[in-house]
Protein chains: 4
Amino acid sequence: MVETQEIELRGHIIDSGIMMQLMDRVMDLGGNFEILVFEVGKKKTDTSYARLRIAATGKEKLKAILSEVHRLGARPVEVMDVHLVPAEADHVVPKGFYTTSNHPTQVKYNGEWIPVEAIEMDFLIVVDPVKKTAKAEALGKIRKGNLVVVGEQGVSVTYPERPREQSTFEFMHGTVSSERPSETLIAQIAKEIIEVRKNGGKIAVVGGPAIIHTGAAKALASMVRNGYVNVLFAGNALATHDIENCLYGTSLGMDITTGKPVMGGHKHHLYAISEIMRAGSIRKAVEKGVIKSGIMYECIKNNVPYVLAGSIRDDGPLPDVIQDVMAAQDAMRKQIEGCSMVLMVATLLHSIAVGNCLPSSVKTICVDINPAHVTKLMDRGTTQAIGIVSDAGTFLPLLAQQLEIQSQAAPGKK
Amino acid sequence: MVETQEIELRGHIIDSGIMMQLMDRVMDLGGNFEILVFEVGKKKTDTSYARLRIAATGKEKLKAILSEVHRLGARPVEVMDVHLVPAEADHVVPKGFYTTSNHPTQVKYNGEWIPVEAIEMDFLIVVDPVKKTAKAEALGKIRKGNLVVVGEQGVSVTYPERPREQSTFEFMHGTVSSERPSETLIAQIAKEIIEVRKNGGKIAVVGGPAIIHTGAAKALASMVRNGYVNVLFAGNALATHDIENCLYGTSLGMDITTGKPVMGGHKHHLYAISEIMRAGSIRKAVEKGVIKSGIMYECIKNNVPYVLAGSIRDDGPLPDVIQDVMAAQDAMRKQIEGCSMVLMVATLLHSIAVGNCLPSSVKTICVDINPAHVTKLMDRGTTQAIGIVSDAGTFLPLLAQQLEIQSQAAPGKK
Amino acid sequence: MVETQEIELRGHIIDSGIMMQLMDRVMDLGGNFEILVFEVGKKKTDTSYARLRIAATGKEKLKAILSEVHRLGARPVEVMDVHLVPAEADHVVPKGFYTTSNHPTQVKYNGEWIPVEAIEMDFLIVVDPVKKTAKAEALGKIRKGNLVVVGEQGVSVTYPERPREQSTFEFMHGTVSSERPSETLIAQIAKEIIEVRKNGGKIAVVGGPAIIHTGAAKALASMVRNGYVNVLFAGNALATHDIENCLYGTSLGMDITTGKPVMGGHKHHLYAISEIMRAGSIRKAVEKGVIKSGIMYECIKNNVPYVLAGSIRDDGPLPDVIQDVMAAQDAMRKQIEGCSMVLMVATLLHSIAVGNCLPSSVKTICVDINPAHVTKLMDRGTTQAIGIVSDAGTFLPLLAQQLEIQSQAAPGKK
Amino acid sequence: MVETQEIELRGHIIDSGIMMQLMDRVMDLGGNFEILVFEVGKKKTDTSYARLRIAATGKEKLKAILSEVHRLGARPVEVMDVHLVPAEADHVVPKGFYTTSNHPTQVKYNGEWIPVEAIEMDFLIVVDPVKKTAKAEALGKIRKGNLVVVGEQGVSVTYPERPREQSTFEFMHGTVSSERPSETLIAQIAKEIIEVRKNGGKIAVVGGPAIIHTGAAKALASMVRNGYVNVLFAGNALATHDIENCLYGTSLGMDITTGKPVMGGHKHHLYAISEIMRAGSIRKAVEKGVIKSGIMYECIKNNVPYVLAGSIRDDGPLPDVIQDVMAAQDAMRKQIEGCSMVLMVATLLHSIAVGNCLPSSVKTICVDINPAHVTKLMDRGTTQAIGIVSDAGTFLPLLAQQLEIQSQAAPGKK
């Protein structure tokens with residue numbers, strides 16, 4: 001028995017590829033479609049409008065197809081209110097709950113469209129019937145009685161359109177290769193960073209310990225000092241080796257200025273942690289003059305907040321590390337709010353964690369020596385992402401250098 | 001002012017390379033040596049003995065050199081008691097504390113040698129003067145008043161000798177390459193596993209979610225069922241996708257039997273977590289018949305303990321996940337006790353975490369598609385390690401197949 | 001001064017993404033467009049038709065834009081004859097010569113459309129005015145007087161449409177990941193291979209020496225013996241180590257059945273080459289009974305042609321190796337003719353070489369342990385390609401096993 | 001039946017690890033040993049001497065063991081003349097021929113030790129009885145009647161000792177990691193290069209096309225111009241894209257200064273090749289003013305010879321490319337003569353080719369973004385090698401910058 005449903009789509013649906021993806025998905029899933037109306041924008045600045053009749057054998061199949069195309073922004077011509085079901089108990093949510101994408105989302109409630117706040121991928125939507133607000137919420141945060149959206153009915157997604165102006169993010173998007181002009185890219189990223197800062201945008205850096213091992217701590221520290229980093233996400237290792245570097249000039253026991261292991265160097269990271277434990281925290285160690293340079297030092301001195309998330313492989317850890325990973329996620333989420341750019345360097349774990357929390361509108365730059373890591377980060381649904389296969393130890397110094405050159409060239413900057 | 005100290009070394013110090021490493025380190029660090037006695041074992045089963053006079057300019061330098069060679073098992077001819085200093089406060093340890101290697105270690109206390117229990121790399125040594133015992137302890141676990149060993153004095157390390165019989169672990173050690181006969185290696189690993197089981201040895205598996213994504217869950221589940229896995233270390237992702245696979249036949253929304261994404265598949269992992277939350281735990285979900293197959297199911301059914309350690313990138317997480325990473329480490333340590341073999345598959349994070357806790361005598365096998373990951377795991381000081389660059393999705397099924405073939409060929413096995 | 005040109009497009013231009021790419025390219029290049037006619041196929045089996053007016057400032061820019069969209073199959077509404085210019089001398093070709101894509105191409109000559117034979121990427125088109133034929137030709141093969149097509153005028157490209165039925169090639173296309181169900185993929189590839197063979201299709205294998213090192217020679221040899229390989233492309237190394245394996249049971253001196261290096265093994269590959277030099281060729285060595293098994297042996301015995309292309313790193317080389325790389329390319333091209341499937345295993349160099357010569361319609365499967373290699377092979381413009389990140393040493397044995405199982409299950413096969 | 005043979009070893013056999021390796025190999029191969037004399041150098045500058053009795057069951061096994069330890073420099077106490085056998089025909093060499101290592105080698109002929117000229121790995125040794133000279137020769141170059149050394153008798157290898165002074169090459173040797181201080185390493189390599197040049201040493205660069213794609217052509221060109229490159233080894237791709245970059249400002253169609261693809265860019269590399277074909281050669285193109293900058297331009301202008309070796313994947317190729325790979329090898333060998341340092345950047349194929357021809361005494365630096373490539377290059381028996389996992393596009397500009405800074409700091413340089 002063939003079932004049908006009319007849907008509509010609006011926007012730059014042709015050149016953003018949305019129309020194509022929709023047709024693809026319908027066919028992949030064994031459905032069929034008929035185009036009822038197709039008003040094509042005549043010029044590149046015009047939007048288009050399409051109405052299609054989707055057909056499939058059986059209600060289940062049709063529902064599944066509609067569920068898929070829903071994520072592309074397609075919605076029934078007639079939209080009904082969201083279907084809300086209260087959670088039976090904490091964490092015990094209604095079956096068939098709606099799971100969010102990382103795109104701007106609205107729900108129809110009492111006949112009105114209300115935006116879903118704090119949108120983030122793979123969350124549920126909870127509606128507050130009193131305040132008439134909707135919020136994206138993690139599965140683990142759902143409490144008994146929360147009104148959870150079930151099914152796609154009444155939910156509308158605004159799929160990101162392709163930006164019309166040509167930015168670095170635009171032309172590079174989606175490709176991951178080590179064969180691109182590194183210095184050119186670095187100059188362009190410096191330009192984007194300066195632009196974001198000029199517009200008052202907030203920049204986050206997510207970094208792994210290889211930043212210290214490859215000798216790029218100085219470069220990142222200077223970026224913090226010069227105001228290009230508004231929040232730092234990392235783990236115990238980055239902070240520990242940064243402090244080890246400050247105290248002993250080594251990273252994992254290797255002298256950063258000679259590249260050679262030093263006598264007793266294997267003890268340095270533990271000694272570094274021990275010094276911070278003695279002081280009580282990184283901030284206190286800075287205040288007591290124990291730490292006098294480095295990334296963490298600059299964060300403290302310049303009031304740049306940081307979130308050090310614990311991991312199962314941690315030594316110590318430093319007192320500043322948040323050992324409960326869910327608490328660390330919450331701290332991370334709080335700091336991510338309002339970020340308009342994220343620079344991820346040499347860490348897959350923390351970059352994926354941060355990436356999971358980002359709305360699709362945030363620009364992200366992923367730098368890693370491993371192309372598979374970069375590809376993995378690019379695959380996670382962020383469309384505003386550039387992947388760069390490069391060496392943190394050469395990338396960051398060249399970036400810091402470019403930021404200095406370009407900011408001096410452009411007076412009235414920052 | 002040249003300072004000198006006589007040290008001695010005993011064992012298979014030539015063919016195990018210890019003598020060479022010692023000479024190397026002394027020269028690297030700018031010292032000099034004179035060989036006073038060198039009694040070479042005449043046959044390959046004989047041990048050798050050497051006494052050397054180490055020389056360096058200045059006491060500090062000599063001390064540093066002695067500290068380095070100490071880790072190779074060299075010790076002063078006359079050994080004094082360990083130097084113990086009480087910790088001033090919790091986590092506040094005496095400066096210059098001794099940091100452990102992962103080799104068997106003894107301390108001289110009241111003129112007697114006592115073994116250091118629970119040895120693990122980068123720990124401190126705490127001596128109990130009443131019980132006359134010594135124990136390796138994490139920096140973060142040191143409590144006020146603990147008597148902590150400071151300096152190398154009175155500490156003796158038994159550096160691992162090269163085994164004389166030729167095992168797979170022996171000839172493969174240290175090399176990481178994707179260009180080795182995969183099927184041959186798999187057959188040999190199967191043989192080692194069967195051997196360990198026959199001798200009552202305990203085998204741990206550390207696994208990443210790629211095991212599920214690559215379709216190897218069935219193979220690992222069969223290994224659990226057949227008694228080849230005594231404990232499982234993993235994270236939220238492996239367990240979630242294993243349960244997703246059981247409930248929906250998918251992993252990350254991809255149908256494992258067709259390799260194709262299924263309709264609504266992106267919701268499956270959240271739905272899987274939600275089902276376990278509803279049941280209360282994985283065990284309860286098994287008991288209620290919610291989960292009927294898979295790795296986690298077999299663990300529950302066969303009373304194989306597992307430790308699911310939380311990470312900052314977790315969705316959910318499952319109720320069984322230990323969210324506090326230090327608590328997770330403790331749980332891991334407890335289960336590692338007594339393991340004689342660890343198989344690490346497709347996870348860098350958890351493998352390093354487990355590797356950190358292993359004494360040097362435990363055999364480890366690291367399998368990853370990424371040669372850099374394998375190299376990193378091999379670099380962490382474990383000498384009993386084989387690294388294999390292969391695909392979990394083909395490796396584990398072939399291993400499970402070999403285990404079946406070989407165990408049938410050898411009656412009276414397991 | 002704004003210049004304009006009307007173009008048209010026909011086919012599954014929406015769901016194949018062609019329309020979108022065209023709009024993209026025009027905008028990327030700073031042009032503008034107006035849609036004059038857009039007849040959308042109502043059902044998924046219908047084709048669509050579009051006529052657009054492309055606009056740009058200046059003739060040069062317009063020409064450049066038209067040149068780009070030309071490659072997507074767009075052509076002026078009124079098409080004139082190709083512009084032909086004779087080559088001044090051997091290799092000295094007219095400036096602005098047309099360079100081919102790997103898609104089916106036609107040229108308009110004397111008012112008639114004639115197909116371009118032997119299409120291959122980055123070639124020139126030479127028209128024979130007597131025979132009224134057109135042929136794609138390498139730059140290095142152009143002879144004085146050849147009539148070479150200059151500019152896009154009169155050239156029409158048939159851009160490949162997305163196939164409507166769902167094959168493995170379809171759904172997998174474009175993605176490269178090590179996180180997919182390996183055994184499932186292998187079973188599907190086996191199915192495709194059996195299908196191709198059933199339909200009388202020709203299958204080429206391109207292989208690197210890692211096939212031998214990882215112990216997969218036996219599996220590939222069985223595939224040759226069972227008729228699944230119609231031509232083999234490789235280099236000196238694959239053949240040498242295969243013969244070394246046959247003569248001494250080793251590959252690069254390592255015993256394939258134990259994984260251990262054997263005494264004097266480092267000499268084996270040279271000794272193997274020496275034996276073939278003594279015999280005169282691989283065929284003669286087989287005939288004289290010097291070689292009795294292996295991949296090369298099966299090629300000889302089953303009359304499967306092979307092309308062993310020389311490379312700068314060759315030892316020896318074997319007498320069968322074509323030392324002149326251009327002669328080797330010609331030999332390769334001759335054998336590629338008529339292939340409908342190519343399986344590339346563990347070699348970047350030879351795979352790119354073969355890939356360069358393939359029309360876009362040939363199905364290709366690339367298997368490599370290195371994801372960057374797979375990505376690179378997928379990037380080279382072939383749309384009918386699947387990339388698999390796996391280990392040759394486990395992939396090929398499992399594939400050979402699947403071929404056996406499936407061919408027995410399907411009587412009347414091959 | 002146990003057979004025995006006395007052998008002796010001399011030099012820094014303990015701290016260079018030679019003694020250990022010898023014992024290892026004997027035991028690995030199932031033999032036994034007794035140390036008869038062991039005179040240990042008392043100080044680190046003294047040499048040692050050992051005499052051992054090697055024992056094995058059966059003459060064959062003993063011979064095999066002796067053959068292995070021979071490569072470590074061990075030789076019978078009584079050395080007889082080499083055993084020479086004439087080649088029956090061209091390429092048809094006596095069975096059991098000796099294969100060379102890349103270490104300095106001598107043969108005993110008529111009771112006198114004569115050095116083997118042009119030593120290179122995996123060659124044969126041919127003795128000229130008239131001139132009383134010995135030369136390493138490729139298998140494919142052996143002519144009828146050549147007197148070829150068979151067996152190890154009368155051949156003595158000088159295994160490289162560990163250098164006693166600490167250079168970058170020394171402390172870095174053998175490790176491959178992306179986690180080392182990049183800028184520090186680059187500064188040290190610059191220092192070594194300047195040192196080599198000051199001493200009149202010859203420096204070779206082996207480069208892949210990624211140098212151009214990543215935007216590092218300018219840096220390498222400046223190194224050629226400033227006299228830091230004495231010979232260049234590359235393929236068609238590096239030269240083609242360098243010339244494309246000079247003519248059109250692009251590499252593979254991507255604008256190097258913006259990182260964006262340009263209109264018609266896909267034609268540029270063919271157009272570049274066509275221009276050189278028109279001119280006749282790169283030199284002529286420089287002379288005619290067609291090429292005015294870039295790596296190849298600087299080579300021509302500064303009389304730096306280059307060898308462009310053909311490969312099966314070549315487009316064109318340029319007239320300067322040597323299409324016969326064996327001829328290219330010969331050209332390469334001729335230019336390698338006298339090199340004291342080789343810098344390999346972003347090419348596995350050409351680096352292995354060059355590496356194969358190098359004596360073990362030549363310092364080599366391998367830079368690649370792919371750690372597996374670096375590991376592979378390091379594995380090929382060269383002990384004087386540093387591997388660096390980095391990005392050519394950032395590495396070379398920083399190296400060129402360091403060379404400039406350091407050469408200015410050191411007046412009287414070059």
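Which residue of β9(C) is the bridge partner of C:Val126? The tour ends with that pair; it begins with the chains.

**Before selecting**

The model is predicted: local features need pLDDT of at least 70, side-chain atom pairs count only at pLDDT 80 or more, and totals for chains, interfaces and linings use all residues. Residues are numbered from 1 along each chain as its sequence is written, while chains are lettered from A and ligands numbered from 1 in the order in which they are written.

**Stop 1: chains B and A**

Select chains B and A. A turn of 180° with a shift of 0.0 Å along the axis lays chain B on chain A with an RMSD of 0.0 Å; copies are superposed by least squares on the C-alpha atoms of residues with pLDDT of at least 70 in both. To locate the axis, select B:Asp324, the residue of chain B that comes closest to it, at 2.0 Å (C-alpha). The same surface serves both copies, since 100% of the contact residues of chain B recur in chain A.

Next, display the contact itself, to which chain B and chain A each give 42 residues. Two residues are in contact if their C-beta atoms, placed from the backbone, lie within 7 Å. On the side of chain B that touches chain A, the elements giving two or more residues are α2 (59-70), α8 (268-279), α11 (325-336) and α12 (348-357) of chain B. Helices (H or I, at least four residues) and strands (E, at least two) are DSSP runs, numbered from the N terminus. This side of chain B divides into 19 nonpolar, 15 polar and eight charged residues. Here Ala, Val, Leu, Ile, Met, Phe, Trp, Tyr, Cys and Pro count as nonpolar, Asp, Glu, Lys and Arg as charged, and the others, Gly among them, as polar.

**Stop 2: helix α2 of chain B**

Select α2(B). At 1.5 Å a residue, its 12 residues should span 16 Å, and the end C-alpha atoms are 16 Å apart, which agrees; the expected span is 1.5 Å times one less than the number of residues. Buried in α2(B) are B:Ile65, B:Leu66, B:Glu68, B:Val69 and B:His70. A residue is buried if 20 or more other C-beta atoms, placed from the backbone, lie within 10 Å of its own. Add β1 (2-11), α1 (18-28), β3 (48-57), β4 (75-76) and β11 (155-157) of chain B, against which the buried residues of α2(B) pack.

**Stop 3: chains B and C**

Now select chains B and C. Chain B can be laid on chain C with an RMSD of 0.1 Å by a turn of 180° and a shift of 0.1 Å along the axis. The two copies are thus related as by a two-fold rotation axis. In this contact, 28 residues of chain B meet 28 residues of chain C. On the chain B side, α4 (182-198), α5 (210-213) and α14 (392-409) each supply at least two residues.

**Stop 4: strand β8 of chain C**

Finally, select residues 124-128 of chain C. Four of the five residues of this strand, β8, are buried, so it is largely enclosed by the rest of the structure. Add β9 (residues 133-137), which pairs with β8(C) in the antiparallel sense over five bridges; strands pair if DSSP finds at least two bridges between them. The bridge partner of C:Val126 in β9(C) is C:Lys135. Four residues lie between the two strands of this hairpin, and C:Lys132 in the turn has a positive phi of about 55°. Strand β10 (residues 147-150) of chain C runs antiparallel to β8(C) and is joined to it by two bridges, with C:Leu147 opposite C:Val127.

Conventions:
A residue is buried if 20 or more other C-beta atoms lie within 10 Å of its own, exposed if 12 or fewer, and partly exposed in between; C-beta atoms are placed from the backbone.
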